[in-house]
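Hi,

Here is the structure I promised to pass on. Have a look at it first, and then read on for what turned up.

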Amino acid sequence: MEMLCTTGETSNRRAADRDDLYDFIRSKVDVRSLLLDGNGNILTLSVAAITNGPLPRDLCHSHYTALTVKNALVDAARDAMGGRRPDVDLDDPDVPLVVALRGLMEDDDDDDGYGNGYVECDVSLYRCLHARSLHRRGYRLNDDGDGD
């Protein structure tokens, strides 16, 4: 996988809700270089989400988190490419993406022992460099296109 952007360990910018995630992805990803093929054609994409740890309530469902990232990318592409938008292809995307969220509980520093802190998460967006599972290499394809 190739990392496209991250809030990182040293950044003070983390996602506390769906709007933070949307704004982060939209501001950090260069959609022209990611979603154009060099001939001006727009590539298809898919987004999957991996979650770990305590997450903000808005981001705890991986499917809706992936949709938020997809929406940010499509909106940014629409703005950058004169209204054209990429298509989503879940089965065979040209640009498969994975967003990883790692939840962090921030302490409220009142030393009451109850952990009344708030939750944020570090966000990393990766591009998968292989579309199909690598264990399937070398298998013959059946008539329906899969290797089973």
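Let's start with D122, which has a relative accessibility of 5% and so counts as buried, since the cut-off for that is under 20%. Before going further, please keep in mind that this is a predicted model. D122 sits in strand 4, which covers residues 118–127. What does its side chain make polar contacts with? One partner is the side chain of R14, at 2.9 Å. The side chain of R102 is a partner of D122 too, at 2.8 Å.

Now for the overall layout. The protein chain has three helices and four strands. If you walk along the sequence, they come in the pattern β-α-α-β-α-β-β. The chain has 148 residues, and 34% of them count as buried. Take the contacts in the chain with a separation of 6 or more: 69% of those are between residues 24 or more positions apart.

You can see that kind of long-range pairing at C5. This residue is in strand 1, residues 2–6. Is C5 buried or exposed? Its relative accessibility is 8%, so C5 counts as buried. Try finding Y126 from there: C5 and Y126 are 121 residues apart along the chain, yet their C-alpha atoms are separated by 7.4 Å. Leaving out neighbours within four places in sequence, C5 is in contact with F24, I25, K28 and V29, and also with V123, S124 and L125.

Next, look at L35, in helix 2 (residues 31–35). With a relative accessible area of 0%, L35 is buried. Which residues does L35 touch, if you skip those up to four places away in sequence? They are N41, I42, L43, L45, A77, M81, P86 and V95. As for P86, it is 51 residues from L35 in sequence, while the C-alpha to C-alpha distance is 7.4 Å.

Then there is a pair of helices to turn around on your screen. Helix 1 (residues 18–28) packs with helix 3 (residues 62–80) at an angle of about 40 degrees, and their axes are 9 Å apart. That angle is why helix 1 is described as oblique to helix 3. The crossing of these two helices is right-handed. On the helix 1 side, the contact is made by R18, L21, Y22, I25 and R26. Helix 3 brings in T65, T68, V69, N71, A72, L73, D75, A76 and D79. Sorted by type, the residues of this contact come out as seven nonpolar, three polar and four charged. You have already met I25 above, as one of the residues in contact with C5.

Last one: S62, which lies in helix 3. How much of S62 is accessible? Its relative accessible area is 32%, so S62 is partly exposed; that label covers values between the 20% and 50% cut-offs. Apart from neighbours within four places in sequence, S62 is in contact with A49 and T51. If you want another distance to check, try S62 and V99, which are 37 residues apart along the chain, with their C-alpha atoms separated by 9.4 Å.

That's the tour. If you only have a few minutes, I'd go back to D122 and click through its polar contacts with R14 and R102.

Cheers

How values were computed:
Residues are numbered from 1 along each chain as its sequence is written. This is a predicted model: local features need pLDDT of at least 70, side-chain atom pairs count only at pLDDT 80 or more; totals for chains, interfaces and linings use all residues. Side-chain values use heavy atoms; hydrogens and water are left out. Axes are lines fitted to C-alpha atoms, for helices over the stretch in contact, and angles run from 0 to 180 degrees between N-to-C directions. Angles under 35 degrees count as roughly parallel, over 145 as roughly antiparallel, 65 to 115 as roughly perpendicular and the rest as oblique. A crossing is left-handed if the near helix is turned anticlockwise from the far one by less than a right angle, and right-handed if clockwise. Contact means heavy atoms within 4.5 Å. Ala, Val, Leu, Ile, Met, Phe, Trp, Tyr, Cys and Pro count as nonpolar, Asp, Glu, Lys and Arg as charged, and the others, Gly among them, as polar. Buried means under 20% relative accessible area, exposed over 50%, partly exposed in between (1.4 Å probe, protein chains only). A polar contact is a pair of N or O atoms within 3.5 Å; within protein, one must be able to donate a hydrogen and the other to accept it, and residues adjacent in sequence count only if both atoms are side-chain atoms.
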